Amino acid sequence: MEALQGLRVIEMGQLIAGPFAGKTLGDFGADVIKIEAPGAGDPLRNWRLLQDGTSVWWQVQSRNKRSIALDLRSTEGQDIARKLIAEADVLIENFRPGTLEGWGMDYETLSALNPGLIMLRISGYGQTGPYRDLPGFGAIGEAMGGLRHLTGEPGRVPVRCGISIGDTLAALHGTIGVLTALYHRKVNGGRGQVIDVALHEAVFNVMESLVPEYSAFGAVREAAGSALPGIAPSNAYRCSDGYVLVAGNGDSIFKRLMQQIGRDDLGNDPALADNAGRVARVGEIDAAIEAWTLPQTVAAVLERLGEARVPAGKVYTAKDIAEDPHYRARDMILTQRTRDGHEVEVPGIVPKLMGTPGSIRSSAPKLGDDTDAVLAGIGFSASDIAALRMRKVVA
């Protein structure tokens, strides 16, 4: 028994935000039926590095899903989609606002067919407001949400973090919304409802004290490189063969750190006993730490800081992650066999539920792998499906 076993999810989204929410629900047992356009399917199938013509990213994003190739732009395709949705618990979509309405799948119509339906809608700017009709991608949401302004070195061009973090944050907020709505429906006897997630709002929600500091003090937080402004010491420091991250910002941790680097004068300085005092002299503290780390290797620094119980770590590459015994011990690197017969290592499942852990039950589908089975499940005969295929409504 898995936590979400029996939950039926229809996924209409593509690329990252909507499908990541579907992937998360699928990892914990939900039956996720992914609707894709006949022909090309989800563009993510062809993003980044390909193996036998399919992205290895696809193997992560679409595991535990079933694929039906259905033309949603056709009247017959829309009728079939409505039949699928009528029997579902959750609908996920990340089209531009108004797209589903144009296909006759507005929430009012769908909820009349299925009063318990929970509809997750992820878009650039949300379903309301003056920007709702503008095209929006995760990168733009990161910028509008305040994240891009804080990334990179002071005075330099803002940089991205290297992954589509805006999309993923929106997906995780959407997943929280789905689970919250499911609880309300089941425990409180509520009806279904719409969950409206905007990319920039999901980013903004994790921006900590950004706006309160501006409201109270007129302070505009700026980029600070690898440091964490207002918290000291917390930075990346050079070693002889790379960088080490040190978080010595707890009061007692700071004293242990200073003792380890031979700077008891700083560790015992009353002015540095709390964070406010250390922030005022962060340049001096950072210089003292780097003077100690610079002649040493990353491994040597980590060993000594580990002995002193000071939080520290190296900057991991993909190779470091794949070879790390802790990742392996916690099942965070799993082997998955693709439908082309290849074995590929993929990220494990987060979070870890001790009673009902998630699992990889099936590999990512080829386009339309499950069209016949899904349609048969809602009453279509083999001849019906063959006729739909002839008319190119399904594939």
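1. Start with strand 9 and strand 10 (residues 242–247) of this predicted model. The two strands pair in the antiparallel sense over six bridges. One of the pairings to look for puts tyrosine 237 opposite valine 244, its bridge partner in strand 10.

2. Now widen the view to the whole sheet. Three strands form an open sheet, and their order is 9-10-11. The pairing is antiparallel. Strand 9 (234–239) and strand 11 (312–314) stand at the edges with a single partner strand each, so one side of each has no neighbour in the sheet. On average, neighbouring strands here are turned by 25° against each other, direction ignored. Strands of a sheet pair through backbone hydrogen bonds, and the pairing can be parallel or antiparallel.

3. Parallel pairing appears in another sheet. This open sheet has six strands in the order 5-2-1-6-7-8. Which strands are at the edges? They are strand 5 (65–69) and strand 8 (194–198), and each pairs on one side only. From one strand to the next, the twist averages 20°.

4. Look at one pair inside that order. Strand 6 (residues 90–93) and strand 7 (residues 118–123) pair in the parallel sense over four bridges. Glutamate 93 stands opposite arginine 121 in strand 7.

5. Helices pack on these strands. Helix 8 touches strand 6, strand 7 and strand 8, and its direction makes about 165° with that of strand 7. Helix 1 lies across five strands: strand 1 (8–11), strand 2 (31–36), strand 5, strand 6 and strand 7. Helix 1 runs at about 160° to strand 1.

6. The two helices also meet each other. Helix 1 (residues 17–27) and helix 8 (residues 165–187) pack at about 50°, with axes 8 Å apart. That angle makes helix 1 oblique to helix 8. The crossing is right-handed. Helix 1 contributes Ala17, Phe20, Ala21, Thr24 and Leu25 to the contact. Among the helix 8 residues in the contact are Asp167, Ala171 and Leu179. By type, the contact residues divide into eight nonpolar, three polar and one charged.

7. Compare a second helix pair. Helix 11 (residues 251–260) and helix 14 (residues 282–293) pack at an angle of about 45°, and their axes are 10 Å apart. Helix 11 is therefore oblique to helix 14. Is the crossing left-handed or right-handed? It is left-handed. Phe254, Leu257, Met258 and Gln260 of helix 11 meet Ile285, Ile289 and Trp292 of helix 14. These residues divide into six nonpolar, one polar and no charged.

Definitions and conventions. Residues numbered from 1 in each chain as written. Predicted model: local features only at pLDDT ≥ 70, side-chain atom pairs only at ≥ 80, totals over all residues. Heavy atoms only, no water. Axes fitted to C-alpha atoms, helices over the stretch in contact; angles between N-to-C directions. Parallel < 35°, antiparallel > 145°, perpendicular 65-115°, else oblique. Left-handed = near helix turned anticlockwise from the far one by under 90°. Contact = heavy atoms within 4.5 Å. Nonpolar A, V, L, I, M, F, W, Y, C, P; charged D, E, K, R; others polar. Pairing = 2+ DSSP bridges.
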